[in-house]
Every structure is written in C-alpha cells, then in structure tokens.
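Welcome! Please take a moment to look over the sequence and the 3D view before reading on.

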Amino acid sequence: MSAKAACATSSHWEVMLVHEQELETREGLDRLEMSEILSLNASDLDVEELESRLEMATAVPNADCWTNVCVIHF
Amino acid sequence: MAVKLLPVIPAEIVVPRVGRTEPVPTESIERRLRASSYTIYVDLPNNSHEMLLVHGYTGAFDRVSGTVATYLRSLELRRPIRPLYGQWTPEPEIAPGTVAEPSAATIGVLKRRGYLTEMTPQEEEDRLAGIATTLHRQASLRPNYIFMPTYDCNLRCFYCFQDHMRTDPAFKHLLRTMSVGLIDRIFEGIPKLEGLHGLAPGDVNRRSIGFFGGEPLLRQNRPAVEYIMRKAEAIGEANFWAVSNATDLDAYSDLLGPGKIARVQITLDGTPEEHDKRRIYADGSGSYQRIARNITMALELGASVDIRLNIDRNNIDTLPALAQEMIAQGWPKYPNWSAYTAPIHATNEKTERKTTYTSWGLDKALEERRELHPEMRVIDRPDDGLKDQARSIFVNEGLPSHKGQFCGANSSMYIFDAFGDLYACWERTGDQKIRIGNVEPDGEVNLSQFVVNAWRTRNVASNAICRQCRYALHCGGGCAVLAEGRRGTLSANFCDGYAARFRAMVAEAYLDHESGVAMNVREGRVCDL
C-alpha cells in the first residue's frame, strides 16, 4: 500500500470514526431527550396504592416513627 | 388508684380518611388534570436543563427534564399560600410558548407518582390531612419519658430559657431534687399512662428514658438518677440518655456507656476562651476544662457524645478555632462523637434578637465559613441531618420517613419534674399552669384534658396552613414553642425557612450522590430547638 493510499484509508477510517461518534452522541442525546423523567426512589410507587400502604404502616408500628425529633434513636 | 381523663391518643377528629369521606356525587365535579398541590420543584445548581421533583405525600423523588417541569408548573392551579412566618423562595415565571406536552408514557408516570392528579384541591387537602392524622396516631402509640431530677443548675448561661429559675428568688422553691418517694410514685404511674395509650402490662418491653434539667447530672443528683435507672430496669429494658452540661459527669462514670446512659448531649459555646465567657459558674469562672475532660472520659467509656454548639452572630467566627481545638482533643476520631450547631433563640430579655440567626441563616453562614476553613467540616450544620435523609433516599431508593407532627411534645412524650408535675415539652416546664398533669401524693395520675389537647392534637392536619403546605409531612409544622413565641399560640405553625432549606439540602444531597461523595452516618439528635 502506497503512502498516499494508506493516508486516504486512514482518513476514511477517521471520517467513519467521527461519523460513528456523532451517531453515538446523537443517540445519547435522543436517549437523554427520551428520559423525560427518571424515578430516583420507589420505582413501583403508585398513588392509587397509597391508602393500603398507610394501612400497613399503621398495622405495624415502627418505633423509629414515633421518635422523630425529641427522642434519640438507638 | 385511678387515672382520670381518657384517652390521650388523639382521635381522628380532624378530618376523615380519604375514601371514608361522605361520598360526593362525581358528576357534580368537573375533573381535569392538574399539577398536584403538593409538588415540590427542586432546582439543581448549574443545571438549567433538569430539576428534581419531590412529592409531598406520596414520597416520590424524580429527576425530570426542564420541559416536563415547565409542563407540570403550567398545570398548577395556584401559587402556594404564603407561610405565616417567612416567605417561600420565588418560583421562576413560565415564559410564553415554552410549554410542551411530554409523552403519554411520561404523563402516565407523573400520574402514578402523584404529580398529576384529577382530585380537586379540597379532595387532595383532605388526603394529605388523612395521611397526617394516620402518621400522628402512629406516633402517639407508645409513650416515652423524660425525668427532670431538678431545675437547679450550676451554670449561669445568659441565654438560658430557665435563667429566671436560678436568678430570681421568686423561683427559688423550684430548685429541689426529686425524692425517692416521688420516683416510686412516678413508676407506679407509668403503667397507667401506658394504659391510656392502649398498652397492656407486658406490651412495652423497652422504654426510652431521658434526663433533662436544670442540670440533671449534678453531683448531688447521682442517687436520684441511679434510683430512676434501677426502677426503669425493674419493669423492662430501657435506653437511657441525658442532656447535660457535663461539668459533673465524672460523678457518673460507672453509669455511662452502652446499656447504661448510652448517649449524652453536651453543650460547648466556642473556643475555650469564648466558652468560658458564656457558660460560667455562678462565681463567673469558666467551665471548659472540666467539660472537655469529661467529654473524653465519656467517649472512652463508649457513650455517644453529641456536642451541641449554640451559635449566634457573636460567636460564629470562633468556630474554626473550636474545630481545631476539637481535632487537637482527638474527639473526631471517636465514631461515637459528633458536633452540631443550633441557632440561639431570643427567649429572654438578655438575648438580643438582632444577634441571632434563623436555622437557614446559620446554615448559609456556616457553609460560607466551611469554604474558607475546611477543618470546620467536623462540625455539622443545622440542616446536615436533612441532607442525610435525602441522601439516604437516593442511596437506598426508599421512601422518606414522613411525620404528622413536629416532635414528641405533640405525640407521646411525658416529662416528670421534681414536684410530680407532668409536662409535654421540656421548654415549657416549671409552671403548674401549663402542666399537662401530675402524679398525686397518693400515686394517682391526673391529666388535664384541655392542656393535653393543646399539645397532643397539634399536627399537620390540625393547622390550616400546614394542610396546604407541600413540605408539611417533612417539616411536621415546626416547633410549637417557637411558634408560640412568634405567634402567641402553640397551635400556630413555625416555618423557619423550611421550604428553602429543604430544597437546598435535597439538591446538595443529589449532587453529592451523583458525584459519589462519601455519605456521613449520623444518628438522630435530641432536639433541634
């Protein structure tokens, strides 16, 4: 392979690489745009089930819940 | 013997639970999708493209694009009501033409997590109040106890809310020590108090027993304190803790440590020089060296020591030097040691309001100084606990610990003084007119339903402002005593810049989480007042 051909091939691959990087970046942006909302906790949370969750919490007293501020947690 | 005036667990008298209200004909209500009245918008510093959403009663924490946040804000029916004290941080205006509807999938998530609702504002307020009432009932299930062996104290701190008891001869009669006979009577009364909470003998196998004063751990109080501990251990297991000035802590060395008095809150007011100007004996001499020796002793014995630093504008600039002093003492190397700051409140005429900070103001002032003095990171800011809670949610992906009331004074805390009087809050003791009850000489326990109700029915649901507040289940309505000081009534809310503090700490916690900053592990504190 001549030096000229090698250079052209190299340039071609560089162009391809840049193109792929652009595609990846664009896909990344698309993913970002698609990610309009990302749940950071309790991914299965459903407001419709709030009542039953509270009923359960009331049925099983949690000692930590009645010592919020004025009593130390041990 | 009998206990008068039942019951003390607050009834669900404030609002009925959602789903149990009188049915409203649905055809009479025009349903339309709107932003929940309890959506909290948290700006992320240096990120104009995204923000966090927090839902005030579902417990959801989400990161959303600016587009989604703008869409949601465009569906707000009204601006949040002004708090009685302070101002909300202003929300940015929505620029015309910037509202775009997100995908159907995103709208579905927003509905499922509570940010979008078809409930009317009143229905949603009722839902919040129902949740708050449930949480308050849960918090009221099990009593906890604080003993005040005496109102006497060996120090004369100028800002003390009990200063008059030691300096005004009219209150001299208060300075007695709890007798053995009274301790016996109190322990006869404890099962009866627990009965009022629906607890049968044997239902309570572990009790929280605190010591507060005056100075509870004075050298001369030792027999009373030890007797209280033995009595408590005779009826079950107990966790003991104390709020002490630690000047006489050496007299309690064999009662300190795991399984004994396991935790002590001790106050320092600055560097040794500054502390010795403020926390002084009656003869004007300083107390720092004795306290410092006793802190090291308690840490060596395995007791947890929380150093409380009462801060105002006059001593805040001594904190860098105090941090260096703490490091020199070697305290930060103990895992059972922590130091935190609390703003001094103008609770007597010797304290000028202009020298004090709000919690938010102190937090900001400390943050500025931390930038210049990194050693100050051994001292927690008032809101570091709030930040830790948010961080814990991001790490564990769990739900926040909501509360229907601010503290134990509004649920199930009983404070016994040396006269057999019962109080709800240690900031309001020593005056029989405000006691919630008393233990009679014959062992009978009386409770004043009127005063009990004033304290124990104060919750998020019983306050019209809190019911409409997005932050209410995180804040709990604020301290009743501080609310009374500002508004003249225990039932008022005390906001203390909570909205701004909450948003700032959630944003900080999220940024730390994203960048992998190590998380601090702190245990709960005695009282943030």
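The report below goes from the whole model to its chains, and then to a sheet, a pair of helices and a single glycine.

**Confidence**

Keep in mind that this is a predicted model. Its overall scores are ipTM 0.82 and pTM 0.82. For chain B the mean pLDDT is 88, and 90% of the residues reach 70 or more. Where in chain B is confidence lowest, and where is it highest? Helix 4 (residues 163-167) of chain B has the lowest confidence, with a mean of 80, while helix 6 (residues 222-234) of chain B has the highest, at 98. One stretch deserves some care: over residues 11-21 of chain B, pLDDT stays under 50. For that stretch the model has 20 contacts beyond four places in sequence.

**The two chains**

Here are the chains side by side.

| Chain | Residues | Buried | Helices and strands |
|---|---|---|---|
| Chain A | 74 residues | 16% | two helices and one strand |
| Chain B | 529 residues | 47% | 16 helices and 15 strands |

Reading chain A from the N terminus, you meet its elements in the order α-β-α. In chain B, look at the contacts with a separation of 6 or more: 74% of them are between residues 24 or more positions apart.

**A sheet in chain B**

Now find the open sheet of 10 strands in chain B. Its strands have the order 11-10-9-8-7-6-12-13-14-15, and the pairing is mixed. Which strands form the edges? They are strand 11 (337-343) and strand 15 (445-447) of chain B, each of which pairs on one side only. From one strand to the next, the twist averages 25°.

As general background, strands of a sheet pair through backbone hydrogen bonds, either parallel or antiparallel. Strand 8 (residues 237-244) and strand 9 (residues 261-268) of chain B run parallel and are joined by five bridges. To pick out a bridge in the 3D view, start at Ala242(B): its bridge partner in strand 9 of chain B is Val264(B).

Helix 8 (residues 288-300) of chain B packs on this sheet. Helix 8 touches strand 9, strand 10 (304-311) and strand 11 of chain B, and its direction makes about 155° with that of strand 9 of chain B.

**Two helices packed together**

Next, turn to helix 5 (residues 180-196) and helix 6 of chain B, which pack at an angle of about 25° with their axes 10 Å apart. Because angles under 35 degrees count as roughly parallel, helix 5 of chain B is roughly parallel to helix 6 of chain B. The crossing of these two helices is right-handed. Which residues meet there? Helix 5 of chain B brings Val180(B), Ile183(B) and Phe187(B), and helix 6 of chain B brings Ala224(B), Tyr227(B), Ile228(B) and Lys231(B).

**One glycine in a loop**

Finally, look for Gly56(B), in the loop between strand 3 (47-55) and strand 4 (61-65) of chain B. Is Gly56(B) buried or exposed? A residue counts as buried if 20 or more other C-beta atoms lie within 10 Å of its own. Gly56(B) has 23 within that distance, so it is buried.

Leaving aside neighbours within four places in sequence, the contacts of Gly56(B) are Tyr38(B), Ile40(B), Arg470(B), Tyr471(B), Ala472(B) and Leu473(B). For another distance to trace, go from Gly56(B) to Asn144(B): these residues are 88 residues apart along the chain, and their C-alpha atoms are separated by 28 Å.

Definitions and conventions. Residues numbered from 1 in each chain as written. Chains lettered and ligands numbered in written order. Predicted model: local features only at pLDDT ≥ 70, side-chain atom pairs only at ≥ 80, totals over all residues. pLDDT = per-residue confidence, 0-100. Helix = DSSP H or I, 4+ residues; strand = E, 2+ residues; numbered from the N terminus. Contact = placed C-beta atoms within 7 Å. Buried ≥ 20, exposed ≤ 12 C-beta atoms within 10 Å, placed from the backbone. Pairing = 2+ DSSP bridges. Axes fitted to C-alpha atoms, helices over the stretch in contact; angles between N-to-C directions. Parallel < 35°, antiparallel > 145°, perpendicular 65-115°, else oblique. Left-handed = near helix turned anticlockwise from the far one by under 90°.
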